[in-house]
Every structure is written in C-alpha cells, then in structure tokens.
Amino acid sequence: MADPEEQYQQASQTIASEYDLRVLNRAPFNNTYTIVTRPEWVQQTGIDSVGALAEHVNDGNTDVTIALGPSFYDRADGWPGLLDHYGFEESAVEAWSDNVEVVSLGLTYEFLGTGDADLAMGFLTDGQIGVQNFQPLADDQNFWPIYSPCPCVSASVVEENPAVAEALNPIGPSIGDEATIRELNAAVTNDGKSPQAVARTHLESNGVL
C-alpha cells in the first residue's frame, strides 16, 4: 500500500476492531529501512534507486560493497526480501556475497563514511543521513511498507478522558517530514543531548507544550 493516509486509515480500523484501541494522529514521516550511499557514488554510477542497483549488480558489477546490520540481513522485510522483490539474480547474489559485510548496526554508517562500503543499510529517520549528507536510494518498487508512528490508547481511556487524545494528537504532526526527525535524532546521537531535552524543546517551540 503506497499511500500513507490510506494505510493509516486501514490500520486504525483494524486495530480499533481487534484490540479496542484508539489510534491517534500519525507522524507524517516514514521510519522505514533504507539503503544509503554517498552523493559522489550516485554521481559516479548514476544509481539512485534500488531498482537501478539491482540492474547494476545483475549486469556483473558485484564489486559494490555494502554494510548491513545483523537483523536486517536475516529479516524477511530486510535483505532476503529486498533481493527477491527487486529480482536480484541468484548467480549475481552469490558472486556479490564476498562484498556484503554484516556488521553491528551502529557501524554501518561508519563503514560508509570511511569508504569501507559503497552502500549501507539504515533507517530514513537516522540523524547520520543529514549530518553526513548521505543519500538514500529510492525504494522505486515499494518493497518496504510505510512506518508512520502514532500513539495508541485504550478506547475506554479516551472515552473517559478526552483530554488524553487532545494532548497526544498534536505530537506526531508537529514533527513533519524525515528531515525534521533526522535533525531531532542527530541532536541525540551526534550532539549527545538527552532525548527528553530534545523532545521538550521541539514540543515547546511548536506550541504543543
């Protein structure tokens, strides 16, 4: 389902009927997996999407190096599913395997930044993307679902205390797109600020608190 609002409405209805929860306003950013690279690599290769990467590798260019986190490497919505969805050929994947590095999740960006990898897995909301000017490859065949976070509250709690929904509903929309959440995440992961302080500053500056 490529439309985030359609997915949100369907998920909200399902969660409400099956779990008696009220799904409140979603944040409009997408916290999904991504494959990132350096802008200069995109300029050199012309590859700016996962579909183009699949064509490149299937054409025999298996010297491309990529750093993956361990859970992503094994998950159905990670590496195995991505290879299958985009039609990476089995022979190409086998030849490519020597250049696929599985590293601790926190090291994927380090491998990319130092040039030890041409590509790395991450999340669209990671602060390192904005700080280091990395470029996500487009998921041009919509493999990954849309991960838009939203508060879920017991329906009875909302009915008895409508102020709960009133307080929580503005939070997600105040964040906006991926660029904003990357800045907030970078303030924590790169600048060492506490998550509580970063969140409070953001909510106060946007009139939520």
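Of the 209 residues in the protein chain, 39% are buried. The model behind this figure is a predicted one. Its secondary structure adds up to 13 helices and seven strands, and the C-alpha trace covers about 60 × 40 × 25 Å along the principal axes. As for how the chain contacts itself, take the contacts with a separation of 6 or more: 77% of them come from residues 24 or more positions apart.

Next, the open space. The largest pocket comes out at a volume of about 270 Å³. Its lining counts 16 residues, and Asn-30, Thr-32, Asp-139, Asn-142 and Trp-144 are the closest to the pocket centre. Sorted by class, the lining holds ten nonpolar residues, five polar ones and one charged.

Two of those central residues turn up again in other contexts, starting with Trp-144 and the aromatic rings. A pair of aromatic rings is described by the distance of the centres and the angle of the planes. Searching the whole structure gives eight aromatic pairs. In one of them, Tyr-33 and Trp-144 have ring centres 6.3 Å apart and planes at 45°; an angle between the 30 and 60 degree cut-offs counts as tilted, so that is what this pair is. The two partners come from distant parts of the chain, 111 residues apart: Tyr-33 belongs to strand E2 (residues 33-37), while Trp-144 sits in the loop that runs from strand E6 (135-136) to strand E7 (152-154). Tyr-33 has a relative accessible area of 8%, and because buried means under 20%, it qualifies as buried. Trp-144 is buried as well, with a relative accessible area of 8%. Another pair, Phe-88 with Trp-96, has its ring centres 5.7 Å apart and its planes at 15°, which is under 30 degrees and therefore makes the pair stacked. Phe-88 and Trp-96 are both buried. Ring pairs also build a cluster, made up of Tyr-33, Phe-72, Phe-123, Phe-143 and Trp-144.

Helix H3 (residues 50-58) offers a neat case of one-sided burial: Val-50, Gly-51, Leu-53, Ala-54 and Val-57 are its buried residues, and looking down the axis of H3 they fall within an arc of 160°, so they line one face of the helix. The general rule for such spacing is that an α-helix has 3.6 residues a turn, so residues three or four places apart point the same way. What do the buried residues of H3 pack against? Their partners are helix H2 (39-45), helix H5 (79-85), helix H6 (90-96) and strand E5 (119-123). After H3 comes Gly-60, with a positive phi near 105°.

Positive phi values also occur at two asparagines. Asn-133 has a phi near 60°, positive even though the residue is not glycine. Asn-133 is found in the loop between helix H8 (127-131) and E6, and with a relative accessible area of 52% it is exposed, since exposed means over 50%. The second is Asn-142, already met at the pocket as one of the residues closest to its centre. Asn-142 is no glycine either, yet its phi is positive at about 50°. The loop between E6 and E7 houses Asn-142, and a relative accessible area of 51% makes Asn-142 exposed. That loop also carries Trp-144, which is buried.

Technical notes:
Residues numbered from 1 in each chain as written. Predicted model: local features only at pLDDT ≥ 70, side-chain atom pairs only at ≥ 80, totals over all residues. Heavy atoms only, no water. 1 Å grid on protein atoms, 1.4 Å probe; cavity = no way out; pocket = protein on both sides within 12 Å on 5 of 7 lines; lining within 4 Å. Points joined across faces, edges and corners; volume = space filled by probe spheres on them. Nonpolar A, V, L, I, M, F, W, Y, C, P; charged D, E, K, R; others polar. Phe/Tyr/Trp six-rings, centres within 6.5 Å; stacked < 30°, edge-to-face > 60°. Helix = DSSP H or I, 4+ residues; strand = E, 2+ residues; numbered from the N terminus. Buried < 20%, exposed > 50% of the residue type's maximum accessible area, 1.4 Å probe, protein only. Arc of directions from axis to C-beta. Contact = heavy atoms within 4.5 Å.
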